[in-house]
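Reader: I should be grateful for a close look at one residue of this chain and its surroundings. Please set it in the context of the whole fold.

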Amino acid sequence: MSTALLTDLTIFILALLVGIEVIGKVPATLHTPLMSATNSIHGIVLAGALLIGVTAHTLVGYILAFVAAVFASANVVGGYVVTERMLKMFRRKAPAEGTPAGTGPLNTGALNGAKGLKGLLSKAGKAEQ
C-alpha cells in the first residue's frame, strides 16, 4: 500500500468520523433548516471526491473516490429534496375546485354564507322586518 493511498484513506476516515460527530449533535428541530445551508458543503465534498478520483492510480483509490462521490451526491440531492418538502409546508393551499372564494372554515358557520359584514348586516335587517 502506497503512502499516498494511506494518506487519502486516513483523510477519508477522519472526515467520515467528524461528519458523524457534527450531525449527531444537531437537534432534530434544526436538522431540516440546516440541510439547505449545508448543501454547499456537500458540493465541496463532491469536488474532493472527484479530485481523489483524478489523482488515484490504483483500484482501491478509484473505489474510494466512487463511494465518496456517491455519498456526496446523495447528500446534495437529498438536501434539496428535504428543503423543498420543508418549504411546501409553508405555502398557502389553493382553494379546492368548485369552492367559491371566502367560504373557508373561518367564513362559514355563524355567518351562514353571508359575504362579510355587509351581508351579515343585510340579513340582520331582513330579520327585523
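Author: The account below begins with the chain as a whole and then turns to F12 and to a surface patch. The model is a predicted one.

The secondary structure consists of five helices and zero strands, and along the sequence the pattern reads α-α-α-α-α. Of the 129 residues in the chain, 14% are buried. The accessible surface amounts to about 10,200 Å², and carbon and sulfur atoms account for 72% of that surface. When contacts between residues at least 6 apart in sequence are considered, 59% of them join residues at least 24 apart.

Within this arrangement, F12 lies in helix α1, which spans residues 3-24. Is F12 buried, exposed or partly exposed? Its relative accessible area is 25%; because buried means under 20% and exposed means over 50%, this value places F12 in the partly exposed class.

As for its partners, once the neighbours within four places in sequence are set aside, F12 is in contact with L64 and A68. A further spatial relation involves A49, which is 37 residues away from F12 along the chain; the C-alpha atoms of F12 and A49 are separated by 9.5 Å.

The surface patch remains to be described. Helix α4 covers residues 59-88 and includes F71. F71 also belongs to a nonpolar surface patch of about 600 Å², which it makes together with L59, I63, F66, V67 and V70.

Key: Residues numbered from 1 in each chain as written. Predicted model: local features only at pLDDT ≥ 70, side-chain atom pairs only at ≥ 80, totals over all residues. Heavy atoms only, no water. Helix = DSSP H or I, 4+ residues; strand = E, 2+ residues; numbered from the N terminus. Buried < 20%, exposed > 50% of the residue type's maximum accessible area, 1.4 Å probe, protein only. Contact = heavy atoms within 4.5 Å. Patch = residues over 30% accessible without salt bridge, like charges linked within 9 Å, V, L, I, M, F, W, Y side chains within 5 Å. Areas by Shrake-Rupley, 256 points an atom, 1.4 Å probe, with all protein chains shown as cover. Salt bridge = Lys/Arg side-chain N within 4 Å of Asp/Glu carboxyl O.
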